[in-house]
Amino acid sequence: MSANAVSVAGVTKRFDGTVALDGIDLEVPEGSVVALLGPNGAGKTTIVRVLATLLRPDAGTARVFGHDVSSHPERVRELIGLTGQFAAIDELLTGRENLQMFGRLFHLSSAAAQKRADELLRQFDLGDAADRPARTYSGGMRRRLDLASSLLTRPKILFLDEPTTGLDPRSRNQIWAEVRELVAVGTTILLTTQYLEEAEQLADRITVIDHGRAIAEGTGDQLKDLVGGRFLQVSLARASDRESAVKALSGVGCSAPQPSERSDRLTLSVGDDGLPTVSKAAAALENAAIEVRDLALRRPTLDDVFLDLTGAPPGDGRAFFQGSDLRSTSPEEGSPAAPDTAEAEGPRRRRIEALRIRRAVDDAVVVTGRNIRHFVRQPGLLLFSTVQPIMFVLLFAFVFSGAIGQALPGDIDYIDFLLPGIFIQSVSFRATQTAIGLAEDLERGVIDRFRSMPMARSAVLAGRTLADLVRNLFILAIMIVVGYAIGFRFQRGFLSALAAIAVVLAFAFALSWIFASLALWVKGVEAVQSAGFLAIFPFVFASSIFVPLESMPG
């Protein structure tokens, strides 16, 4: 193990020609709190995503507790916790279900996940709301649930990206208290924040990042000493006196004022000669007949450090998302100690592979269960998924059947041909829901949370498509009941009917994977919905699913 929890050397990362990280170096000592500060686009989020194994660096090395994030990402995911700027929780699940789901994906047993969830709900003051859907939570409650879900297995290092953005002071203080408790028990924390007070309150050391490089590092006091001097703060009684005040103060050695959103306030550098300059400034303002509400001398703040080092205020408008530590055993740790003999290496590898496959299956089952709950708990989606196919059956059977049926050979009952077409049409349109659901998870950060966890990445898509397979089976069952009510009959017997349904479900499953790929390619829920409709509509209605092929025009 390294003495540093994080060691980054010369890491670069580019996006479409834009340099996000430009050979950055960074060290986070184990057991410390390090804050990353920088203006928008400085690279703070990118370096955290690299450390969380969500991005691969183009060059350089990044290690977490001695494990390279590129060559050993699985091991890194077992050691980290990741909490983003926006709460990446499942809003349709309850607080308790969220924690239990993430606990299972950390490979805790059901009993252990339930016990740990109860502990965290009490610790984060969420016990009374534990069985309410997370969408009913306030911003502070969501943030606390988000942080709790990163601590299910007590990570060795926790990445926090602007953890208190948008919170009221009371909720912010609660998060700070939780962070201090984590530090007290030895958790290492890498923090990004747009609140300089937060950095001073929580961090042992602060690293200033700009244009993808670390340009300054030290304690808060050390960074303030880089700016040096003192600052004069003036509050004017009338904003209209601003230009006159600036002119009067420049005559006694004050610098040009810093940018400010309020025209009645001035902040000017006065160098190290503080008190005499204050006296001269007060006299100059009085001689110019400028009324002043307040005049004060202060040391540099971290705001001044930012303005001096980067020429921009702090802040970063993007977020990264979550994952946590798995302090239960990894496949390597969970298998017996490596034997000394070469003959035993084969069985050991097979045991490790079997464990990996079993965990991947377990992960897929957990994600499938989560997505099935989504279907059940959205009445509108459930209604659309069932009423729309029924409507099509009735519409084609009782409105269009006369015209279409007359064009068919005499031995074909249109109802018997119609229902299989409705099967295909229904599962085809349901495939667009696969893409929409996945796009929503991407936008909310749930996918990045999954990707940063020590779970099988295949489970994310497998869980989505398997849940849609269950939903399609449910819809087909309803369609068959409706079809039999209006005269449809399978012609070839029970086993052939099952085989036909199996073919339709296999088609639906394949189509779900295709649309899952579409969601990863086309970004945004609305774009995915439009792209899905354009793909499916002609595919369904220009095909032969509703009429025999020989009856279609040449």
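Is Asn472 buried or exposed? Select it and have a look: with a relative accessible area of 2%, Asn472 is buried. Keep in mind as you go that this is a predicted model.

**Stop 1: around Asn472**

Colour helix α17, residues 458-485, and you'll find Asn472 sitting in it. Now show what Asn472 touches, skipping anything within four places in sequence: the contacts are Val427, Arg430, Leu505 and Ala508.

**Stop 2: colour by confidence**

Switch the colouring to pLDDT. The mean for the protein is 81, and 87% of the residues reach 70 or more. Which elements mark the two ends of the scale? Helix α12 (residues 331-334) has the lowest mean pLDDT of the elements, at 36, while strand β5 (residues 67-68) has the highest, at 94. Then select residues 314-341, where the pLDDT is below 50. Despite that score, this stretch has 130 contacts in the model beyond near neighbours in sequence.

**Stop 3: the four-stranded sheet**

Next up is an open sheet of 4 strands, in the order β2-β1-β4-β5, with antiparallel pairing. Why do β2 and β5 each have a side without a neighbour in the sheet? β2 (18-29) and β5 stand at the edges, and each has a single partner strand, so one side of each is left free of a sheet neighbour. Zoom in on β1, residues 4-15: 9 bridges tie it to β2, and the two run antiparallel. To find one pairing by eye, select Asn4 and then Pro29, its bridge partner in β2.

**Stop 4: strand β3**

Move on to β3, residues 33-37. All 5 of its 5 residues are buried, so the strand is largely enclosed by the rest of the structure. Turn on the side chains and you can sort them by direction: Val33, Ala35 and Leu37 point one way, Val34 and Leu36 the other. That is the usual pattern, as side chains in a regular strand alternate between the two faces of the sheet.

What does β3 pair with? Select β8, residues 188-192, which runs parallel to β3 and is joined to it by 4 bridges. Ala35 stands opposite Leu191 in β8. Then add β9, which also pairs with β3 in the parallel sense, over 4 bridges. Here, Val34 has Arg205 of β9 as its bridge partner.

**Stop 5: helix α1**

Select residues 44-51 for helix α1, which is mostly covered, with 8 of its 8 residues buried. The buried set includes the charged-letter names you might want to click on, Lys44 and Arg49, along with others such as Ile47 and Val50. Go just past the end of α1 and check Thr53, which takes a positive phi of about 70°.

**Stop 6: two more positive phi values**

Most residues other than glycine have a negative phi, which makes the last two picks worth a click on your Ramachandran plot.

- His211 has a phi near 50°. You'll find His211 in the loop between β9 (205-210) and β10 (213-218), and with a relative accessible area of 60% it is exposed.
- Ala289 has a phi near 60°. Ala289 lies in the loop between α10 (274-287) and β13 (292-298), and at 58% relative accessibility it counts as exposed too.

Technical notes:
Residues are numbered from 1 along each chain as its sequence is written. This is a predicted model: local features need pLDDT of at least 70, side-chain atom pairs count only at pLDDT 80 or more; totals for chains, interfaces and linings use all residues. Side-chain values use heavy atoms; hydrogens and water are left out. Buried means under 20% relative accessible area, exposed over 50%, partly exposed in between (1.4 Å probe, protein chains only). Contact means heavy atoms within 4.5 Å. pLDDT is the predictor's confidence in each residue, from 0 to 100. Two strands pair if DSSP finds at least two bridges between them.
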